[in-house]
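This report follows two helices and their buried faces, and then turns to a peptide bond in a loop.

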Amino acid sequence: MTASFVRPEPPYYAVIITTRPTADSEGYAAMSARMAELGEAQPGYLGRESLTGEDGRDLVVIYYADEASIAAWKAHPEHLEAQRLGRERWYASYSVEIARVERAYAFSGTGAPGA
């Protein structure tokens, strides 16, 4: 996964989006870049991580400070148009899950034995 930020202290929200693309990718890259640009500028946006599988499926996790920020982004006019085009052209299927992160912890080893 790619990480573009340092996660905040909980609580925060995670929007988990999984998509399976159609064969029609015309215009998708430009729209995806525009949505990332706009999304990052939204109040309450904290960052995102993404991963694309060998079969083309995407997993994106977008982090927000609160539910109001998520609702505002979902209702953004350009985002509404991107959602419509996604359903009509670019996605064979998708799912969206919204979770409140209550606690989090991590480990980061050096990768060297005995280090």
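## Buried faces of two helices

In helix H1 of this predicted model, the buried residues are Met31, Met35, Leu38 and Gly39. Viewed along the axis of H1, these buried residues fall within an arc of 95°, and they therefore line one face of the helix. The face turned away from that buried side carries Ala29, Ala30 and Glu37, which are exposed. The cover over the buried residues of H1 includes strand S3 (45-52), H2 and H3. As for its length, H1 comprises 13 residues and reaches 18 Å from its first C-alpha to its last, close to the 18 Å expected at 1.5 Å a residue.

Helix H2, which spans residues 67-74, has Ser69, Ile70 and Trp73 as buried residues. Seen down the axis of H2, its buried residues fall within an arc of 100°, so that they too line one face of their helix. Among the elements covering the buried residues of H2 are strand S2 (12-21), helix H1 (28-40), strand S4 (58-64), helix H3 (77-90) and strand S5 (91-101). The N-terminal end of H2 is capped by Asp66, a side-chain oxygen of which lies 3.4 Å from the backbone nitrogen of Ala68.

The two buried faces are set out below.

| Helix | Buried residues | Arc of buried residues |
|---|---|---|
| H1 | Met31, Met35, Leu38, Gly39 | 95° |
| H2 | Ser69, Ile70, Trp73 | 100° |

## A cis peptide bond

Most peptide bonds are trans. Pro10 and Pro11, however, are joined by a cis peptide bond, with omega about 5°, and Pro11 lies in the loop between strand S1 (2-3) and S2.

Definitions and conventions:
Residues numbered from 1 in each chain as written. Predicted model: local features only at pLDDT ≥ 70, side-chain atom pairs only at ≥ 80, totals over all residues. Heavy atoms only, no water. Buried < 20%, exposed > 50% of the residue type's maximum accessible area, 1.4 Å probe, protein only. Helix = DSSP H or I, 4+ residues; strand = E, 2+ residues; numbered from the N terminus. Arc of directions from axis to C-beta. Contact = heavy atoms within 4.5 Å. Polar contact = N/O pair within 3.5 Å; in protein donor to acceptor, adjacent residues only side chain to side chain. Expected span 1.5 Å × (residues − 1).
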